[in-house]
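Work through these exercises with the structure in view. Each task is followed by a solution in steps.

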Amino acid sequence: MPVKLYYLPESPPCRTILLLGRLLKIDFDLKIVNILDGDQLKPDFVQLNPQHCIPTMDDNDLVLWESRVILMYLVSAYAEDDILYPKDILQRAMVDQRIHFDLGTLYQRASDYFFPTLFVGAHLDETKKARLAEALGWFDDILKGRKWVATDNFTIADLTLCVTVSQIEAFGFELGPYGRVRAWFQHCKDELEPHGYDEINQVGADALGEMFRSKLQQEK
């Protein structure tokens, strides 16, 4: 049975899973859940995932949500080697730390700043902008002396952070002050380009960026 993925193409966490699917040559059974139309609240989906969030994965009745957990599972289950998610405990600890930095700090602060405007048309909060800039500064420091964020190879930590940074950029946030982030980001795009980066990720990032800018125009 193919792995079922409940998703929305524009969603950054969903785009991360789609990119990993290309890397691992997983042919997902894709099920669109349009959260803007309330599809996530339909009884069948709530029964599958009581938290009713996307992405949600169903692999032979193993149901997972939270995109970064899905990344870890899919690599562990389907990758031919452990480069994307090392089995070595020290390397894995570094990958896990960077993944949690994305989840709890960079992506969280980007969401705090952009999403109230994107989804409900709220005014941008300059305090939240400063907190996002702080997180990007930390990320720039993390990258000192590194090509990749956690190990000597591209890993799922790079993947999830790449999608986050791509969305921050698509929303129009200036990445100029973060030279190491910009260099690393280009490495990530080069790594993912043969695996559908533009088709899967850039198109979705740009779509959300346009939606964000239209909401800004409505404020004026």
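Glu-199 is exposed, with 52% relative accessible area. Keep that residue in mind for the first exercise. The model is a predicted one.

**Exercise 1. Find the salt-bridge partner of Glu-199, then place both residues in the chain.**

Step 1. The partner is Arg-22. The closest N and O atoms of the two residues are 2.9 Å apart.

Step 2. Apply the cut-off. A salt bridge needs a side-chain nitrogen of Lys or Arg within 4 Å of a carboxyl oxygen of Asp or Glu, so this pair counts.

Step 3. Locate the pair. Arg-22 lies in helix α1 (residues 12-24) and Glu-199 in helix α8 (residues 197-219). They are 177 residues apart, so the bridge links distant parts of the chain.

Step 4. Classify the two ends. Exposed means over 50% relative accessible area, so Glu-199, at 52%, is exposed. Arg-22 has 37% and is partly exposed, because that value falls between the 20% and 50% limits.

**Exercise 2. Are Arg-68 and Asp-102 buried or exposed? Describe their contact too.**

Step 1. Arg-68 and Asp-102 form a salt bridge, with the closest N and O atoms 3.0 Å apart.

Step 2. Arg-68 sits in helix α3 (residues 67-78), and Asp-102 sits in helix α4 (residues 89-120). The two are 34 residues apart.

Step 3. Both residues are buried. That puts each under 20% relative accessible area.

**Exercise 3. Classify the two ends of the salt bridge between Lys-31 and Asp-29.**

Step 1. Their side chains meet at 3.5 Å, N to O.

Step 2. Lys-31 has 32% relative accessibility, so it is partly exposed. Asp-29 has 24%, so Asp-29 is partly exposed as well.

**Exercise 4. How many salt bridges does a search of the whole structure find, and which residues are joined into one network?**

Step 1. The search finds eight salt bridges.

Step 2. Asp-140, Asp-141 and Arg-180 form one network, through salt bridges that share partners.

**Exercise 5. Describe how strands β3 and β4 pair.**

Step 1. Strand β3 covers residues 56-59 and strand β4 covers residues 62-65. They pair in the antiparallel sense, over four bridges.

Step 2. Find a facing pair: Asp-59 stands opposite Leu-62 in β4.

Step 3. Look at the turn. The strands form a hairpin with two residues between them. Asn-60, in that turn, has a positive phi of about 55°.

**Exercise 6. Which residues gather in a patch of negative charge on the surface?**

Step 1. The patch holds Asp-190, Glu-191, Glu-193 and Asp-198.

Step 2. Take Asp-190, found in helix α7 (residues 179-192). Its relative accessible area is 48%, so Asp-190 is partly exposed.

Notes: Residues numbered from 1 in each chain as written. Predicted model: local features only at pLDDT ≥ 70, side-chain atom pairs only at ≥ 80, totals over all residues. Heavy atoms only, no water. Patch = residues over 30% accessible without salt bridge, like charges linked within 9 Å, V, L, I, M, F, W, Y side chains within 5 Å. Areas by Shrake-Rupley, 256 points an atom, 1.4 Å probe, with all protein chains shown as cover. Lys, Arg positive; Asp, Glu negative; His and termini not counted. Charge placed at Lys NZ, Arg CZ, Asp CG, Glu CD. Buried < 20%, exposed > 50% of the residue type's maximum accessible area, 1.4 Å probe, protein only. Pairing = 2+ DSSP bridges.
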